[in-house]
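Here's a small set of exercises to work through with the model open beside you. Try each task before reading its solution.

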Amino acid sequence: MSTLTRDRLVTSLQQLTTSGGADNRLVVVAGDYYVVVHGRLGGGDLTCEVVSNFYLGAASQLTPARLRSLGDRGYFERNGHNNLYRDVRLAGSDATGKLADELLALFAQIFGVEADAPAKFDLQLGDPEPTRNPDLVRAMKALAVRRDMDARQRVYIGVMNATFLMPVNPAGLTADEPLEVDRLGSFPVIAAFTEIDSLRLWQPRGWPFALVPGARLVPLAVSRRVGSLLVNPRGNVGGELYINELESIEGALRRRNN
């Protein structure tokens, strides 16, 4: 575990525009609170994302006064997102130093985390994860409107043909052991995402995942006797497939393969 220092912040912030690719992220976590700073190689600005009450437990909720203070600092909601955001233009020779000072003040005055407190720095450098599943997303949107069997069947077909980002258990016995995200009675619930943006709505700090075709994910879920599979939990477009539906899709997959 590192500590929350200006030097560590400055060094990490500089890498967001001098290394990696078009989807660089710095995640700074201290206790229950975090900030995600987004940048791109060669870029001239950064976007700061601050955790909101949507993701905080009851004991860590920000007071109305602290939320107003975030607004005074320029952090506001964005359509389709749950955290608070502010764009920062990197102007001047010490732009990252000034931003580091602002973030240290934010942690201290909004989150109650003083400088030199234990903190985790996660620098994620690279290009955007390219997986997209537009046919499945369209089918889920249609099902939300029509709620009939034809629309539901189109979702099932979309699941069969999709490739998902499946959160994995970092302590699992295998690299692609699915993460249990909830319980349905006595049965585990697992999750899968249609694209990286939906995964980050579920967990803005990021989470390790495996790319898994639907034709493999469904039999995996059935073999583990899950209660359900959540598709894009906390996302803007998603749904839930219960075990009886997963078993039906698995049967259709067997018939298709034969």
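**Exercise 1. Find which residues of α5 meet which residues of α8.**

Solution. On the α5 side you'll find R152, Y156, M160 and N161, and they meet E245, I249, A252, L253 and R256 in α8. Contact here means heavy atoms within 4.5 Å, and helices (H or I, at least four residues) and strands (E, at least two) are DSSP runs, numbered from the N terminus.

Next, sort these residues by type: five are nonpolar, one is polar and three are charged. Ala, Val, Leu, Ile, Met, Phe, Trp, Tyr, Cys and Pro count as nonpolar, Asp, Glu, Lys and Arg as charged, and the others, Gly among them, as polar.

Then look at the geometry: the axes of α5 (residues 149-161) and α8 come within 10 Å and cross at roughly 60°. Axes are lines fitted to C-alpha atoms, for helices over the stretch in contact, with angles from 0 to 180 degrees between N-to-C directions.

A word on the ground rules: this is a predicted model, where local features need pLDDT of at least 70 and side-chain atom pairs count only at pLDDT 80 or more, while totals for chains, interfaces and linings use all residues. Residues are numbered from 1 along each chain as its sequence is written, and side-chain values use heavy atoms, leaving out hydrogens and water.

**Exercise 2. Work out which strands α8 lies across, and how their sheet is ordered.**

Solution. Start with α8 (residues 243-257), which lies across β12 and β13 and runs at about 75° to β13. Those strands belong to an open, mixed sheet of four, in the order β9-β10-β12-β13. Two strands pair if DSSP finds at least two bridges between them.

Now check the edges: β9 (182-184) and β13 (239-242) each have a single partner strand, so one side of each lacks a neighbour in the sheet. Finally, zoom in on β12 (residues 228-231), joined to β13 by four bridges in an antiparallel run. There, V231 stands opposite G239 in β13.

**Exercise 3. Find which element gives the largest share of the largest nonpolar core.**

Solution. This core has 38 residues, and L4, L13, V37 and F111 have the most contacts inside it. A nonpolar core is a set of buried (under 20% relative accessible area, 1.4 Å probe, protein chains only) Ala, Val, Leu, Ile, Met, Phe, Trp, Tyr and Cys residues joined through side-chain atoms within 4.5 Å. The answer is α3, with six residues.

Definitions and conventions: Buried means under 20% relative accessible area, exposed over 50%, partly exposed in between (1.4 Å probe, protein chains only).
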